[in-house]
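Me: I'm new to this protein and would like to take it one piece at a time. Please give me a close look at a single part: a helix and the core around it.

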Amino acid sequence: MRPTSGGTRLLDRFGRISTDLRVSLTDRCTLRCAYCMPADGLEWLPTADTLTDDEVVRLVGIAVGQLGVTEVRLTGGEPTLRAGLPELVGRLAALTPRPELSLTTNGLTLARTAGSGGAAALRAAGLDRVNVSLDTTCPDRFRAITRRDRWHDVVDGLAAAAAAALVPVKVNAVLLRGVNDDEAPRLLRWSLDRGYELRFIEQMPLDAQHGWARARMVTAPEILASLRAEFTLAPLGGRGSAPAELFEVDGGPARVGVIGSVTAPFCAACDRVRLTADGQVRNCLFAREESDLRTPLRAGASDTELAERWRTAVWGKRAGHGIDGPAFRQPDRPMSAIGG
Ligand code: SAM
Ligand code: SF4
């Protein structure tokens, strides 16, 4: 039983408190990254099931106003596909207390100067930072991984993010065996030259095609070994609830992160909670259960009732993802639908 004296925060049975909310704004995407989506895409959520801007603002408002959430990351799918994104960002930035606002994006729209996905408009609306996914410095490889010929758009998008002071600009990279597993040092050099902070993410079993295999995964120790062949890396320590293990590169101040979600899980210190585009609370990327907030919200539930449902959803968070355990089963929803 969840103690009623647990206060207002999002506490779980293991004493962890969720303060970092990932909000998926859509499950749709403009790319088809091989580790995320099949070439033909997926059956998208019906628009009627997707939270409206008013509903997103209300739920995030409850999270920051009543549940102690301090950081909000907008993600997807591709969040820049959401029409009127700057207006939504502006409304979230106006919440009290104001959360720190970041965006995880494939970067394709960031260089736009008109329309809704441009970096300058997002910055002006109140966005604080961006993480842009880029797995390769080679346009041909990019096309092979994402099934779209858009490498230059991402690179322009990164530059636009830096120019708009969405800093530090972080680059997320996933390495795939036999595809770009030789690129760790090159990606780091490329990122350092441009002032971006690179993070490698171990590939996780969250692809819609269920094509992940532990034996084929490029591991964090492998990534570190290939980086150390060309760079001096000094651990920065103090990982806290941050998933990335951070290293100072060649004496600093530049840094690189390696997120060993599979080989070095950070579950014991996890402070994340997720809200899917259709209004379900997920207490873990790998959770097999979700808690519906959309139905009660649309049925007229009060903020207090919704907050209470949210607390109960987080209370049930499991100790860890258990990927290495015999009972592990990949969640039904892929990363793009959960909100990465
Ligand atoms: N479309 C945006 C993007 O690509 O940045 C946001 C959503 S995407 C699901 C969020 C992050 O999840 C990206 O950095 C992507 O590389 C990562 N990702 C997707 N599938 C993954 C997988 N199977 N394992 C590890 N990371 C994955
Ligand atoms: Fe789209 Fe991001 Fe998934 Fe790539 S990783 S297919 S950009 S949601």
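Reply: Helices here are DSSP runs of H or I with at least four residues, strands are E runs of at least two, and both are numbered from the N terminus. With that in hand, let's start at Glu55, which lies in helix α1. A word on what you are viewing: this is a predicted model, where local features need pLDDT of at least 70 and side-chain atom pairs pLDDT 80 or more, while totals for chains, interfaces and linings use all residues. Residues are numbered from 1 along each chain as written, chains are lettered from A and ligands numbered from 1 in written order, and side-chain values use heavy atoms, without hydrogens and water.

Helix α1 covers residues 53-66. Glu55 counts as buried because its relative accessibility is 13% (buried is under 20%, exposed over 50%, partly exposed in between, with a 1.4 Å probe and protein chains only). Setting aside neighbours within four places in sequence, Glu55 is in contact (heavy atoms within 4.5 Å) with Thr50, Leu297 and Arg298.

Now follow Leu297 across to another helix. Leu297 is also among the contacts of Leu306, and Leu306 is found in helix α9, residues 303-315. Leu306 counts as buried because its relative accessibility is 0%. Again leaving out neighbours within four places, Leu306 touches Arg58, Leu59 and Ile62, along with Leu293, Pro296, Leu297 and Ala301. Ile62 is worth a pause: Leu306 and Ile62 are 244 residues apart along the chain, yet their C-alpha atoms are separated by 7.9 Å.

Next, step back to the core (a set of buried Ala, Val, Leu, Ile, Met, Phe, Trp, Tyr and Cys residues joined through side-chain atoms within 4.5 Å). The largest nonpolar core has 98 residues, and helix α1 gives it the largest share, 7 residues. Phe200 and Trp310 have the most contacts inside this core.

Trp310 brings us back to where we began. Not counting residues up to four places away, Trp310 touches Leu59, Ala63 and Leu67, together with Leu10, Leu21, Val273, Val281 and Leu293. Two names now appear twice: Leu59 and Leu293 are each in contact with Trp310 and with Leu306.

To retrace the route on your screen, begin at Glu55 in α1, go through Leu297 to Leu306 in α9, and finish at Trp310 with its partners Leu59 and Ala63.
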